Amino acid sequence: MNSPLKQFLSDPEILLNSVGEGIYGFDLEGNAVFVNPAAEKMTGWMASELIGKRIHEYHHHSHADGSVYPAELCKIYQTLKDGKVRNVKNEVFWRKDGSRFPVEYTTTPIMKDNTLIGAVAIFRDISIQTQTEHALRDALTKVQQLSEQLQEENEYLTNELNADWRSSGMVGQSERFLKVLQQVELVSKTESTVLIQGENGTGKELIARSLHRLGNRKNQSFIRVNCAAFSDSLLESELFGHEKGAFTGAVERRKGRFELAHGGTLFLDEIGELSLAAQSKLLRVLQESEFERVGGQQTIKVDIRLIAATNRDLLDMVGSGKFRMDLFYRLNVFPIMLPPLRERIEDIPLLATEILALTNHKLGTKLRGISKSALKKFMQYSWPGNIRELQNVIEREAILNHGGILKLSTPLLEAFSEHVVTNQTLDEAIAQHIINVLKYCDGRISGPKGAATILDMPESTLRSKMKKLGVKSRNMANS
Ligand SMILES: Nc1ncnc2c1ncn2[C@@H]1O[C@H](COP(=O)(O)OP(=O)(O)OP(=O)(O)O)[C@@H](O)[C@H]1O
């Protein structure tokens, strides 16, 4: 059948003119003998401008970076020399207007009677393909970055916390911590005296405030007294007030904290620091529920709920005669023991995340989470300063990290210990070490948790060393 379509298809020129790929025909010198319309469209060079000319000089003269592309290195010319087929990628063709486009081309030899007579190059503009490839590669990189970031943030992002705990400021999910919360909830509804014991920074004050907030006195005052902050005589007037002229400097009558707490809660913090004399006074007031202001005659009765806290082992102090047993039992009606952070490491991720959110708020930083490796180190560290130390570390790192995810820039132990100094004599270094250990022991020298035990030396030796080196313990009298 001799259909018009068959006729059409049997005319090679018509066929070459109708394909989408650009097609160039070359003679053995590299001169153009054929240029199809698709090639004209892609390069802007018309067939009439190229026929009989060395096409390389028009559209293939330079590489993408602008460096010269010599004709003898051109793959099309090489095919014209050796008659081999070549598939070429990663090259560009130049348009008449001076712009360029990425191409992929095949160069095929033309043989006649086993003799090479020229070559054909078929090329495609692969700009869109290249753009898509770049876009895909960018997207992949971004996806990878995001997934790394998400992995880091993991479940420790800030807004996942239980709303109730957030409002109390208390965070934790360990069995031991939840037990404490349960005790707080139970005892808060009563009027019983509570004794909170726990190391420094474990959250004793926060628990005391929660007890008040959850109790019947929540609309009355919560008054805190730091017993370690006053000398004996000052403490008396601080707690019970004084009359005008009761002592030098008492220019006015002043109410004490017991009176101020009337109807509400009185929180006696650091109760283990009270001297024996102060303990006796306090005991009398607690027994009788009444007192007189310093320098006053009038008996004052108050209605308070008492909460006391200490980082000391009060029972141990009772044993060594440093804390009155009767006062201990009066305070220890409902004991709450706060576990140190190292004994509830499963709470560290939640705590750290909550602290990070508070730190972001405080410093105006925008850290999104804590890196997995930092968290791992947090969970391996012993936290002698407990939650307060964790707060300090996070705040310091938030300042050092500029954004993104918080990473640990300083090893934790190094952060806690003093910096290494090289301009100290041995005696100065020994003195510094004793001071550090005393700080750690709250000034206590004797006893199982005292500095002498930690330093593994008899108490008397430590005292004489301190005297020789001029080291003073703020609580020497108590220790
Ligand atoms: N469960 C908790 N969740 C979140 N933050 C807590 C928690 N417990 C304590 N904190 C925070 O840790 C810090 C130390 O807590 P707090 O002052 O109550 O400890 P403390 O035991 O009274 O310390 P110290 O004995 O040194 O006075 C506070 O900033 C407090 O808000």
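**Figure 1. An overview of the whole chain, where residues 24 or more positions apart account for 63% of the contacts with a separation of 6 or more.** Welcome to this protein, shown here as a predicted model. The chain has 479 residues, and 30% of them count as buried. Its secondary structure is made up of 22 helices and 16 strands. The views that follow visit two sheets, some helix pairs and two residues with a positive phi.

**Figure 2. Close-up of an open, antiparallel sheet of five strands.** Reading across this sheet, the strands come in the order β2-β1-β5-β4-β3. At the edges stand β2 (32-35) and β3 (86-94); each has a single partner strand, so one side of each is left without a neighbour in the sheet. From one strand to the next, the twist averages 30°. If you would like to follow one pairing, try β1 (residues 22-27) with β5 (residues 115-125): six bridges join these antiparallel strands. A handy landmark is F26, which stands opposite A119 in β5.

**Figure 3. Close-up of D113, a residue with a positive phi in the loop between β4 and β5.** Most residues other than glycine have a negative phi. D113 is not a glycine, yet its phi is near 50°. To find D113, look in the loop that lies between β4 (100-112) and β5. Is D113 buried or exposed? D113 counts as exposed, because it has 5 C-beta neighbours inside 10 Å, and a residue is exposed with 12 or fewer.

**Figure 4. Close-up of an open, parallel sheet of five strands.** Here the order is β7-β10-β13-β6-β14. The edge strands are β7 (222-226) and β14 (334-337), and each of them pairs on one side only. The twist in this sheet averages 20° from one strand to the next. Five bridges join β7 to its parallel partner, β10 (residues 265-269). One place to see this pairing is F222, whose bridge partner in β10 is T265.

**Figure 5. Close-up of helix α10, which lies across strands of the parallel sheet and also packs with helix α9.** The strands that α10 lies across are β6 (194-197), β7, β10, β13 (305-310) and β14. Relative to β13, α10 runs at about 165°. Now turn to its helix neighbour: the axes of α9 (residues 175-188) and α10 (residues 204-214) come within 8 Å and cross at roughly 40°. The two helices are therefore oblique to each other, and their crossing is right-handed. On the α9 side, the contact is made by V184, E185, V187 and S188; on the α10 side, by I207, S210, L211 and L214. By class, this contact has five nonpolar, two polar and one charged residues.

**Figure 6. Close-up of helices α16 and α17, packed at an angle of about 120°.** Two packed helices are described by the angle between their axes and the distance between the axes. For α16 (residues 348-363) and α17 (residues 372-380), the axes are 10 Å apart. The pair is therefore oblique, with a right-handed crossing. Which residues of α16 and α17 meet? I348, P349 and A352 come from α16, and L375, F378 and M379 come from α17. Sorted by class, the contact of α16 with α17 has six nonpolar residues, with no polar and no charged ones.

**Figure 7. Close-up of N386, a buried residue with a positive phi.** N386 has a phi of about 55° although it is not a glycine. You can find N386 in helix α18 (residues 386-400). N386 counts as buried because it has 21 C-beta neighbours inside 10 Å, and the cut-off for a buried residue is 20 or more.

**Figure 8. Close-up of helices α20 and α22, which meet in a left-handed crossing.** Helix α20 (residues 426-440) packs with helix α22 (residues 459-469) at an angle of about 125°, and their axes are 10 Å apart. That angle is why α20 and α22 are oblique to each other. The α20 residues D427, I430, A431 and I434 meet K465, M466 and L469 of α22. By class, this contact has five nonpolar, no polar and two charged residues.

Terms used
Residues numbered from 1 in each chain as written. Predicted model: local features only at pLDDT ≥ 70, side-chain atom pairs only at ≥ 80, totals over all residues. Axes fitted to C-alpha atoms, helices over the stretch in contact; angles between N-to-C directions. Helix = DSSP H or I, 4+ residues; strand = E, 2+ residues; numbered from the N terminus. Parallel < 35°, antiparallel > 145°, perpendicular 65-115°, else oblique. Left-handed = near helix turned anticlockwise from the far one by under 90°. Contact = placed C-beta atoms within 7 Å. Nonpolar A, V, L, I, M, F, W, Y, C, P; charged D, E, K, R; others polar. Pairing = 2+ DSSP bridges.
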